[in-house]
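Biologist: Before we discuss this model, could you show it to me, and then explain what lies behind each term you use?

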Amino acid sequence: MNYIDSLKQRPKLLQFVALLIVFFLLMQMTGDYHSLIVERDSFAKAVASGEIEASVGFTEALGMLASGQLPPQLIRIPELSFYNLSASLSSTSLLIVLAVFAGMSYYSHQTSISKGSWVSKQYRHLFTNSLTALLTGLLIMPTLFNWLFGAATMTTFWEIPRLINELAENLMYNWFPVEIYDPEIEDYEDSALIKELTRSFSRSLLFLIELVREILVGGVKTIVAFTSWDWLEENKWAYWPALPWTVVASGTFLLGYKLKGLGLSLFAGLTTIYIAAFGQWEPAMETLSLVLIAAPVSVILGMLWGVLAFKSTKIEKTLMPLLNIAQTMPHFSYLVPVVVFFGIGDHAGAIATVIFATPPMIRLTLLGLKKVSPEVIEAGMMNGCNSRQLLFKVLVPTARRDMLLGVNQVIMQCLAMSVIASYIGAKGLGFNLLLALNQLRIGQALELGVCIVLIAVVLDKLSLAWADRQMDYFSNLNFYERYRYSILFAAVLLLGSLLAYIGSFLFQDGINYFYLIPHNKGMTTEPFWQAGVDWIIDSWFYSLKSFNEVLIINILIPMKTAYLSMPVIATFTLFMGVGYIVGGARSAIIVGAFLLFIALTQWWDRALITMYMVTFGVIVSVIIGTLVGTICVQNKAATNFILLVCDTFQTFPSFIYLIPVIMLFGITDTSVLIAVIIYATIPATRYTVEGLRNIPPSLIEAGLMSGANRIQRLINIEFPLAFPHIMLGINQTVIFALFMVIIGAMIGTDDLGQFILKALSDKQGIGNGLMLGLCVAFIGLAVDHIINTWAKKRKQTLGIE
Amino acid sequence: MSTTQQPVIKCSSLYKIFGDNTQQVIQKNDGKIDVTELREAGCVVGVNDASFEVYEGEMLVVMGLSGSGKSTLLRCISRLTDTTAGEIFINGDNILEMSAKELIELRRNKMGMVFQSFALLPHKTVLENISFPLQIKGHSTKDAMQRAMDMIKLVDLTGRENYYPRQLSGGQQQRVGIARSLAVEPDIWFLDEPFSALDPLIRKEMQDEFLRLQAALHKTILFVTHDFDEALRLADRIAIMKDGVIEQIDTPANIVLNPATEYVRKFTADVPREKVLKIESVMEEIGNLTEADLSDFQVPCDAIIETVAEKVLSESKPVAVVDQQNNIVGVLNCHTVIHMLFGENQVANA
C-alpha cells in the first residue's frame, strides 16, 4: 500500500511509466517488419516491389493491431506517405481557409476590440496563422490523409528541396533583370539584380580581406584593384611588401603591453613568435585577415539587431525563433546557400562565418541590455541624454559585460568556422588543418590546432583588455608621452625592416628567415608526434582495437539497430508523451511538430542514426560530467581548477577534438563518439559545478545543523536543488553533442551530417542542405524545448530565481 | 513662503494609471477618470488625483509605504513615465506639453535626480560618472572634469576620483550619485529613496550631509522616502501617500499634532513628539505674565523641544519664547514640557 500511496503522490512518474510501457509494446508490435526495417533500402525495395503492402485497409489494420502487429503505415512515414495533388487541391484550399479562419476567430474571441483595428493589431498573428495554414493545408494534412488512406507515391516534403533549388536559381539568374555595363564586351547586357548585388558585395568584401591580408603578408591584389594587371606587368616594382614577422611580433607585444601589461604582452608576443617559428605564418595571417574582417562585422551586426530587438518587442518576437533555429543549425548547412549566392573563396568563407557568428552576439546584446537596471536608464534620461546618447553612452557601455561575452563567442565561432569555411574556399590554417586531418598527419594537425587556439585566445584577451582600458584626464602629457606606443611601433617597424633587409644577405638558401618563414621551413614537432602515434599504435594496438571492437559490436551496433527498428509511431509516442508529461498539451504539440517535419522528409532514418550517436554521447558525457563536477565541487581548489579546465577546453574550436581521437581509433564511429563525449562533457561538468556551488549557503548550514553527513547532504539538499541547473547543462550537452556528431561527418559517419556534406558538393544542394540543417536544428530544438520547460517549472517549484 | 510667489513645481489633478486597457476605459467614460471602474477593469492606479505645489527652496518629502505610488508620482513629475491625466507645471511651463527636445533641455539644465540603487554607470570611474551630465550637455572634457573635481570635493570623495563604483561602499556610491545630480547645478532636485539602501548609521550620516548641502545650496527638492523618521528629520513639508492618494500634506509638526486620517495617525502614534515639534507649536500665550515672572533664560521659537528640554526643566519660572527678532512671543511652562516628554504617550495609548 505504501508504494501505491507514494505513486499516487507522483502522477507524473505514473504517467511516465505508462508511457514507457506503451513505447515498448509498440516496439514489440513491429512483428514481421522488424528484420526488414533494419536496413532502409531493403524495406523500401520490398515496398516498391510489392512484397510488403504499403498500407492496409481500415478493418485489416484493426485486425493486425488486435493480433499484436502494427499496420505498415504506422511503422515508417517517409516510405509510406503519399500525395495525390489533383485529388486534394480543392480540399487543400478549403483547409487553408478553414485554418486561417479558425486562427482569426480564436484571436478575435481572445480580445474584445473592434474588427476594424483588429487587422492592424493582429497582423503578425495573421501572418503566422496564414503561414501555418499554408503549411498544414498544402503539405502536412494531405500527406497525412493519403498516408493513412491513399496510394503510394511520395510526400510533398520530398519536393521541398527541389522547390528551394528552383527558387534560389530563379532569384539568382532570372528575377528582376537589370542592365549592366560589361567592360569586356563594351556593351550593356541583362543580368539578374540579386546576382549583381551579391557579386558587388562579394567583390568589396574580398577587397577588404585582401587588403588586411596584404598588409600582413604582402601581395599585389590591392594594387591591382586600383590599377590593372596590365599596369602591374609594366611596373614590376609595384609589390606591396609583407610586414616582417618580427615587426608583427613586436607589434602584438606592444599592443598587449599598452592594453593590459606585461602578462598579456608576453603571451601575445610569444604566440606570434610560435606561429612564425613553426612556419605557419602565411596560413595564420590568412586566417587572421578573415577573422579581422568577419569578427567586427559580426559584432556590429549583432549589436545592431540586439539593439533593435531591445527597442521593439515585435522585432524581438520575430527574431527569437529565427535565432533558435540559426543557433541549432549545423555549420555545414549554411555553406551551400552561401556558395549559391556568393560563390567560392575567402569572401564566401567570411560571409558564412558572419552568418554563424552573429546570432550569439545578438542574443547576448539583448540579454545585456535587458539586464541594465531601469534606474540606470532613468539616470541617463534625467541627465538629459537624447536617445542616441542614451544608447551609446548609457545602455551599451552598461551592458558591456554580456556584450564582451558575445565578442568572445564571435571570435570563437570565427576560428571554429575557419576549418569549415575552408570547404568553400577560405584559405588559411583551417584549410591546412583539414588537409592534415585527411592525410592523417597528426603532428601537423596538432601544430595547426594549437595555432588556431592561440590566435583565438590572444584575440579574445586583447579585445577584453581593449574594452577595459582606462582614461587619464589630468596628467599633462607631452607629445612623446602621448604617442609613446605609436613612436615605439614606428621604431620597431624600421628596425624590423632593416633586419629583414640584412637578412636577405645573411641567409644563403634564398629564404629570408627575418622576413617571412615559409610554410615548410619552420620548426616542426611532427616527427615527435608521429613517433608518439607510432608508439601508441605499436604498444596499444591490440588493446585499442579490441576495445574498439567490443564497443562497436556489443554496444554501438545493437543500439543503432534498436533505434533504426523503432516504429515511427513509437518514436512519436515517446517524444510527445514526454512533452505532455513535462509541459502539457502545448509542449506535446510543439515537440510533435518538430518530429513530424523530420519524419516527412526522406531522412528519417539518418535522423535516427544521428539521435543514436547523440544519445550515446550524451549519456556518457552526463555521467562523466556530473561525477567529475560533484567530486570537484567538494574542494575549493579543485572547483577553481575544473572551471579553468572547462574554460580552456571551451576555447578550442570543436573539430580540434577530432585530432587526438583519430590518432587512437582511426576512422570509425568510435572516434566521432569519443570526440563527442570529450566535447559534450564540458557543459555537463560546468553546469554541475555551478549548480552545486550556487546553492544558498543557509540551506547547506541548515543541513549541517540537522546533522546530515556529507553524503546525506549531497543527496537530500544539494542534488535536488542543483538539479534544474544540471538539467540545463544536459541541454547544452545535447546541443554540443549534436554539433560534434555533425562535424564528425568530416571523418566519415552515415548520419545527417554526411548528407549535409554531400549536399555541399552537389550543384543542386541548397534545398537538401537547408532541409537537412533544419532536421538537425529541430532535433536540438525538440530536446531543448522539453528540458527548458522542465527546468523552468522545476525552478519555479523550488523557488529558485 | 507666500502664496503669491509662483510655485516651482505645481501639479493639479495628476493621475497615473497602469494597464493595457486604461485608454479604452477612459474613452468609454468620455475622458472622465473613474478610479473604481478602472480598478474593476484590471488597471492599477499609481497616482490618484494628486495636487500640490512646491515653492522655491522648499523641501517636500513624499512619504509612503511600498506600492503607495510615491515613486510613480516622482517619475510623473520628472516625466520619466507618461502621465495619464492632469497637469504639471515647472516654473509655470506645462511639461506634459513639452517636446522631447525641450524636455531634454529642461533635464540638462534644471533637474537633477538621485536614485535608490545609485544608478551609477558601472563602466565609468567616479570622476567620469560625475562629469557625465556635463559631457552630455556638451561641455569640453577639460571643463567637465574641472567641475566634476569641484563636486567631488563638495561630497568629500577627494582621492577616490579614479575608483570604479564597484570599488566603493554604498554610502560612497550615493555620494557619487548626489554629486552627479548636482553637477549641472539644477534648480530642482529629485531624490528617490536615496538613503534606503544604506545601513542605519551610514543613513544618519548621509542625512546630516544632505542637510548640510541643502543649507548651502537651497534647492527646490522633491524627496521620496518610506521612512517616516527620515521624512520628519528632513522635510519642510510632508506629503503622505496611500494607494496613490495623498492623504495629508503639511508641515511635520502639523502632521504629528493633527493627523488628518486614521492612516496618518498610525504613523504618528509612536513618534516622540519632543524630537519633532518646535517650541512654537506647544508654547502658551503670554497672557498677563510680566517680565519678572519669567526666567532669564530664553528659547528660540523654532528650536526642537528635545534640545532645550533639560534647560527649561531646570528653571524654576516659566521660560520666555522669542522669535528671530528677539521679541517675546510666548511662554513655555515646565509642566507642558514634562507632559510632552512623559505624558503624551500614555494618553495616546490609552
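**Core, burial and contacts**

Modeller: This is a predicted model, and its largest nonpolar core holds 296 residues, of which Ala352(A), Val676(A) and Cys775(A) touch the most other members. Helix α35 (residues 765-798) of chain A gives the most to this core, with 17 residues.

Biologist: What is Cys775(A) in contact with, leaving aside its neighbours within four places in sequence?

Modeller: With those neighbours left aside, the contacts of Cys775(A) are Ile598(A), Thr601(A), Trp603(A), Ala607(A) and Leu752(A). Two residues are called in contact if their C-beta atoms, placed from the backbone, lie within 7 Å, so each of these five names stands for a pair with Cys775(A) that meets this cut-off.

Biologist: Why is Gln280(A) called buried?

Modeller: A residue is buried if 20 or more other C-beta atoms lie within 10 Å of its own; Gln280(A) has 26 within that distance, and therefore it is called buried. Gln280(A) lies in the loop between α14 (262-277) and α15 (281-311) of chain A.

Biologist: Which residues, leaving aside neighbours within four places in sequence, is Gln280(A) in contact with?

Modeller: They are Ile275(A), Leu429(A), Glu447(A), Leu448(A), Cys451(A) and Gly522(A). In addition, the C-alpha atoms of Gln280(A) and Pro518(A) are separated by 7.5 Å, although the two residues are 238 residues apart along the chain.

Biologist: What makes up the side of chain B that touches chain A, by class?

Modeller: In this contact 21 residues of chain B meet 17 residues of chain A. On the chain B side, α4 (100-109), β6 (111-114), α5 (126-137) and α6 (141-154) each supply at least two residues, and α5(B) gives the most, with 5 residues. By class, that side has 13 nonpolar, 5 polar and 3 charged residues.

Biologist: Which residues of α4(B) are buried, and what covers them?

Modeller: Ile104(B), Leu106(B), Arg107(B) and Arg108(B) are buried in α4(B), and what covers the buried residues of this helix includes α19 (374-382) of chain A together with β4 (85-90), β6 and α5 of chain B.

Biologist: Where do the domains of chain B lie in the sequence?

Modeller: The domain assignment gives domain 1 (56-71 + 99-273) and domain 2 (275-349) of chain B, and their centres, taken over C-alpha atoms, are separated by 34 Å. The contact between them takes 9 residues from domain 1 of chain B and 8 residues from domain 2 of chain B. On the domain 1 side, helix α10 (residues 252-257) of chain B gives the most, with 4 residues, and the residues of that side divide into 8 nonpolar, no polar and 1 charged.

Technical notes. Residues are numbered from 1 along each chain as its sequence is written. Chains are lettered from A and ligands numbered from 1 in the order in which they are written. This is a predicted model: local features need pLDDT of at least 70, side-chain atom pairs count only at pLDDT 80 or more; totals for chains, interfaces and linings use all residues. Ala, Val, Leu, Ile, Met, Phe, Trp, Tyr, Cys and Pro count as nonpolar, Asp, Glu, Lys and Arg as charged, and the others, Gly among them, as polar. A residue is buried if 20 or more other C-beta atoms lie within 10 Å of its own, exposed if 12 or fewer, and partly exposed in between; C-beta atoms are placed from the backbone. Domain bounds come from an automatic or database domain assignment. A nonpolar core is a set of buried Ala, Val, Leu, Ile, Met, Phe, Trp, Tyr and Cys residues joined through C-beta atoms within 7 Å.
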